[in-house]
Structures are given as C-alpha cells and as structure tokens.
Amino acid sequence: MIKITEASIDDIAKIQEIAHITWPITYGEILTKEQLDYMLDLIYSDEALSKQIQNKEQLFYMISDADSIIGFIGIEHHYKNEAITKIHKIYLLPETQGKGFGKIVFEEIAKMALENNSNELLLNVNRFNTALNFYKKLGFEIKETVDIEIGNGYLMEDYVMWKKI
C-alpha cells in the first residue's frame, strides 16, 4: 500500500535525491549529459524548489510505501484558471516501477483533481520517453506537440497529453 502526503521545505533534499536517481535513467538516452545536468539544476535547485513549494506554484507530495519514500509528484490545480489539474512532476524510484504504484498514484491525483473541481488531467512528456506508452494505457491522449525553450540553447521536445476524469 502506498501513502501520499503533502511535501514541505523539509522534503527538498529527498525530492532532489529522487530526481537525481530517476532522471539519468529516464532521460539518459534522450538528452545529453550537459542538458540533463542543466535541467536538474534549473528545476531541482534548492532555490527553485523552495520557491515552488512556498509560493504554492505547485503542490508537492511525497509517495511512500510501507518502508520508505519512493517518489514524488508536483501538481497544479486550476491550471491556467481552467478546470484542469496539471501534473508537472511524477517520479517513482526505478525499483518500484512495474508494481502498480504508478497507476495508484494517478488514481489518487484524479481524486485530488476532482476534489478541486477539475475534470481533466494534463501532463507533458518527452516525445521519446518510454512512459508515453504507460500514459496511453491509463487513457491519456496526445493533445499537441510542443517545443519549449529552456535556455542554453536547449529544448524540451514534448507531447502535451490529457485525460478527462
């Protein structure tokens, strides 16, 4: 059984640890090491995470199993002032994947979204990320293709995916 609890500033080190474990596995064959390092620093620095958590730009949650913290999510209700919950971040440690935890986490996100008057989930996924197939199995559909400039000449080459709930 998993438990999802709201994260605080005290969880930043654990969020960073999980990101630094999962990102090289998730994106190592998609991005250069330089882009990977740049993005980790951009998105997961102490300053960036503190700002997002304190300003509630995203709501962060820690995912735990019976023994330890196994992942985290970052979501935003009322995305662009619409009835949409945007999933900005969802990462589970590699050893937990394939055990049904991801599906459970998405079910919990959907419950939180409905409680916050959202009727749609939205996420971005790198066009070459193998998680794309997982999201499709959960009922997400590709809404659009986007290239997002993130600085230093780097792009995030994503699909925007959505699902009615």
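Here is a short walk through this structure, from one helix to its aromatic rings and its nonpolar cores.

The model is predicted, so to speak of local features a pLDDT of at least 70 is needed, side-chain atom pairs count only at pLDDT 80 or more, and totals for chains, interfaces and linings use all residues. Residues are numbered from 1 along each chain as its sequence is written, and side-chain values use heavy atoms, with hydrogens and water left out.

Let's start at helix α2, residues 33–44, which is home to Met39. Helices (H or I, at least four residues) and strands (E, at least two) are DSSP runs, numbered from the N terminus. With 12 residues at 1.5 Å a residue, α2 should span 16 Å, and its end C-alpha atoms are indeed 16 Å apart; the expected span is 1.5 Å times one less than the number of residues.

Which residues of α2 are buried? They are Gln35, Leu36, Met39, Leu40, Ile43 and Tyr44, where buried means under 20% relative accessible area, exposed over 50% and partly exposed in between (1.4 Å probe, protein chains only). These residues cover an arc of only 130 degrees around the axis, so they sit on the same side of α2; the arc is taken from the directions from the helix axis to the C-beta atoms. Glu34 and Asp41, on the other side of α2, are exposed.

Met39 itself has a relative accessible area of 5%. Beyond its neighbours within four places in sequence, Met39 is in contact (heavy atoms within 4.5 Å) with Trp23, Leu31, Tyr44, Ile150 and Met156.

Two of those partners bring us to the rings: Trp23 and Tyr44 belong to one aromatic cluster with Tyr27, Phe72 and Tyr91. Rings of Phe, Tyr and Trp (its six-membered ring) pair if their centres lie within 6.5 Å; planes under 30 degrees apart count as stacked, over 60 as edge-to-face and the rest as tilted. The whole structure holds 11 aromatic pairs. One of them, Phe72 with Tyr91, is tilted, at 5.7 Å centre to centre and 40 degrees between the planes. This pair links strand β3 (residues 69–76) to strand β4 (residues 84–92), its members being 19 residues apart.

Finally, the largest nonpolar core has 27 residues, and Ile73, Ile87, Ile109, Tyr135 and Phe140 have the most contacts inside it. Such a core is a set of buried Ala, Val, Leu, Ile, Met, Phe, Trp, Tyr and Cys residues joined through side-chain atoms within 4.5 Å. Its largest share, 7 residues, comes from α4. Apart from it lies another core of 22 residues, including Ile12, Tyr27, Leu49 and Ile150.
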